[in-house]
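Biologist: Could you take a close look at one part of this model for me, beginning with a single aromatic side chain and working outwards? I would love one connected account, with the cut-offs spelled out as you go.

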Amino acid sequence: MTKNNDVALGPLEDFIGFYLRRAYERAFSDFSEILGNDSLRPGNFTLLVLIHENPGITQVEICRAAGRDKSGVTLSLRQMEDDGLIERIRVEGDRRSYASYITPKGRELYVRVLEKGEIHKKQLDDRIGADKKTEMIDLLKKLITED
């Protein structure tokens, strides 16, 4: 039985999800430390990037691209709107859909966070190794692809 910090892992030893979660937590913690005062709620960096790169993107499209559920995305979008980072405009002809756009304040944050994100990305690349990065991304994509 393999131990992790003197704690027996039992069947967790070969559970991919266990290591994915731990890797996510470590990466998020490291990223939050780099962000400092520009700290964002979990997942909001992804939403900010998607909205910046896809002006007018709808919530359904955001959910699909981010792989997140509607309720979580709705809450995050409302918070980002309240913080003045994005604006949501009702889609003409569809009373239930809103198009999201980044605001000037959101764009300023985006630029700062993206610069810090590059630092974080390099740290992860250095930890994983350039030769393994593409393979790791391909494996992760395989896990999230619905067949």
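**Around one tyrosine**

Modeller: Y24 is partly exposed, with a relative accessible area of 40%; in this scheme buried means under 20%, exposed over 50% and partly exposed in between, using a 1.4 Å probe and protein chains only. A word on the source: this is a predicted model, where local features need pLDDT of at least 70, side-chain atom pairs count only at pLDDT 80 or more, and totals for chains, interfaces and linings use all residues. Numbering starts from 1 along each chain as its sequence is written, and side-chain values use heavy atoms, leaving out hydrogens and water.

Now to the rings. The whole structure holds three aromatic pairs, a pair being Phe, Tyr or Trp rings (the six-membered one for Trp) with centres within 6.5 Å, stacked if the planes are under 30 degrees apart, edge-to-face if over 60, and tilted otherwise. Y24 and F28 make a stacked pair, because their ring centres are 6.0 Å apart and their planes meet at 20°. Both residues sit in helix α1, four residues apart, about one turn of the helix; helices here are DSSP runs of H or I with at least four residues, strands are E runs of at least two, and both are numbered from the N terminus. F28 is partly exposed, at 24% relative accessibility. Another aromatic pair, F31 with F45, is edge-to-face, at 5.2 Å centre to centre and 70° between the planes. F31 belongs to helix α1 and F45 to helix α2 (residues 44-53), so this pair ties together parts 14 residues apart in sequence. F31 counts as buried at 11% relative accessibility, while F45 is partly exposed at 24%.

Helix α1 carries charged partners too. R26 and D30 meet in a salt bridge of 3.2 Å, N to O, the criterion being a side-chain nitrogen of Lys or Arg within 4 Å of a carboxyl oxygen of Asp or Glu. These two are four residues apart in helix α1, separated by about one helical turn. R26 is partly exposed, with a relative accessible area of 47%, whereas D30 is buried at 16%. Elsewhere, D125 and K133 form a salt bridge, also listed at 3.2 Å, N to O. Shared partners also join R26, D30 and R127 into one salt-bridge network.

Next, the two nonpolar settings that involve helix α1. The largest nonpolar core has 19 residues, and L48, I51, I62, L77 and I86 have the most contacts inside it; such a core is a set of buried Ala, Val, Leu, Ile, Met, Phe, Trp, Tyr and Cys residues joined through side-chain atoms within 4.5 Å. Two or more of its residues come from each of α1, α2, α3 (59-66), α4 (70-82) and α5 (104-128), with α2 giving the most, four residues.

On the surface, I16, L20, I128, M136, L140, L143 and I144 make a nonpolar patch of about 640 Å². Patch members have over 30% relative accessible area and no salt bridge, with nonpolar side chains (Val, Leu, Ile, Met, Phe, Trp, Tyr) joined within 5 Å and like charges within 9 Å. Helices α1 (16-35) and α6 (130-144) each supply at least two residues of the patch, and α6 gives the most, with four.

Methods:
Accessible areas come from the Shrake-Rupley method with a 1.4 Å probe; for residues, only the protein chains shown count as cover.
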